[in-house]
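The following exercises are to be worked with the sequence and the structure in view. Each task is followed by a solution in steps.

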Amino acid sequence: MTREEVKEDIIKLNNTHLLCILPTGYGKTKIALEYTAKYNPVKILIVIPYNTLIKNWEDEIKKWNFNFTPVYSTYRSIDKHLDVDWDVVIFDECHHITERVAEIVHYLNTKRSVMLSATVSKEVLFRIKDIYSDLKEYKVKMREAIDNKVLPDPTIILLKLQLSDSKMTSFTIHPKAKGPLVQGNLKNYFKYNTLYKNNPVQINCTQKKYIEWLDNQIYYYKFKFFKDKQEYIKNKWLQLCNQRLKALSTFKEELIKEQLETTLNSYRTLTFCSSIKQTEFISKNCLHSNHDKEKNDEILKKFNSKKINHITSCAMLDEGQNLVDCQLGIYVNISASDRLIIQRLGRLLRHENPYIYIPYFEGTRETEIVSKMLENYNKNKILNYELFELQKSLKGNSITRE
């Protein structure tokens with residue numbers, strides 16, 4: 001179905017509670033507003049993950065001449081709106097409905113609700129259905145949108161990297177301890193962990209040894225959790241998984257910074273990073289939560305007006321923002337989250353010829369995640385490179401094989 005056919009299909013529905021799972025490019029905001037307008041509502045509540053998205057909604061309402069004056073709320077502050085009888089509540093990016101939010105929504109008085117997202121996990125879907133047993137779900141998959149020419153078919157550039165057994169890295173145990181910093185090595189990790197609890201200890205090792213050590217720690221805590229079923233063990237296991245992906249991301253940041261300044265300089269790019277520190281290292285035009293709203297808005301405005309060509313982001317552009325003519329998305333941070341994978345892709349498919357650049361370390365958890373990501377992409381548009389090959393093939397605004 002075309003974009004317009006999907007919109008008309010949804011508008012014809014007459015359900016009390018509607019969930020629209022649509023990729024970028026379908027105009028979810030306009031669809032929700034048109035669906036809402038059918039019922040001539042007076043009291044409308046729009047729930048958003050961040051206040052920065054209010055302007056997007058206001059711009060769309062003005063652009064399409066809707067006669068609405070909605071109230072806005074973040075998911076965090078939704079409990080402040082329980083004393084009103086709403087005609088319609090629109091839940092933007094409804095995958096933010098956590099257990100806490102769901103408990104509050106149970107007591108939210110509304111005649112109708114419209115929920116929007118590009119992807120909703122089974123856990124969140126069950127949560128929403130528990131609130132609204134008569135929920136109508138309307139879904140279009142990303143691959144369907146590409147096959148139906150609603151979205152462009154991206155070219156995937158895979159850069160295979162190898163972990164170094166000579167480049168050094170470090171991590172700190174007992175980072176909040178007040179004593180003097182102690183230097184240590186990985187071989188004696190357990191001694192430092194036991195005997196120096198009052199000291200922060202910096203453990204120095206090669207990149208390869210660090211990832212191997214994390215792999216072993218993750219395997220240990222994963223096995224222990226499935227054996228003992230203790231929640232604190234699960235938390236430790238998942239923390240180590242995040243630590244591993246963050247470390248792998250950090251090992252790539254110098255390479256990406258250099259490429260953006262040289263071979264990727266002519267492209268308009270968005271780089272997804274794993275931390276605020278990384279966004280600032282790779283580019284001065286960085287979007288993150290430590291900036292005030294005005295600073296982030298200024299950088300985004302400069303990018304969309306093409307005064308700057310490179311921006312980096314840590315979580316700020318995972319959802320809800322549109323970028324003008326952004327051709328190349330760089331995944332320094334590779335997320336295991338299905339939701340983030342799809343949300344981030346949505347930032348890039350506005351360009352008529354988009355590229356997704358994924359540098360990854362062979363033989364690591366990143367390889368597994370990338371293999372899963374590739375299931376949704378056109379196999380004929382996946383290019384595999386070694387580093388020296390890629391450097392030669394970056395020409396102007398197209399990436400080709402020689």
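Buried means under 20% relative accessible area, exposed over 50%, and partly exposed in between (1.4 Å probe, protein chains only). The model is predicted: local features need pLDDT of at least 70, side-chain atom pairs count only at pLDDT 80 or more, and totals for chains, interfaces and linings use all residues. Residues are numbered from 1 along each chain as its sequence is written, and side-chain values use heavy atoms, with hydrogens and water left out.

**Exercise 1.** Determine whether Ser275 is buried or exposed, and describe its surroundings.

*Solution.* Step one: the relative accessibility of Ser275 is 14%, so Ser275 counts as buried. Step two: Ser275 sits in the loop between strand E11 (269-272) and helix H10 (276-282); helices (H or I, at least four residues) and strands (E, at least two) are DSSP runs, numbered from the N terminus. Step three: the side chain of Ser275 reaches the backbone nitrogen of Gln278 at 3.1 Å. Step four: not counting residues up to four places away in sequence, Ser275 touches Lys246 and Cys314, where contact means heavy atoms within 4.5 Å.

**Exercise 2.** Identify which residues have the most contacts inside the largest nonpolar core.

*Solution.* Step one: a nonpolar core is a set of buried Ala, Val, Leu, Ile, Met, Phe, Trp, Tyr and Cys residues joined through side-chain atoms within 4.5 Å. Step two: the largest such core has 43 residues, and those with the most contacts inside it are Phe171, Ile203, Tyr210, Phe251, Leu328, Ile330 and Tyr357. Step three: helix H9 (residues 231-261) gives the most to this core, with ten residues.

Definitions and conventions. Polar contact = N/O pair within 3.5 Å; in protein donor to acceptor, adjacent residues only side chain to side chain.
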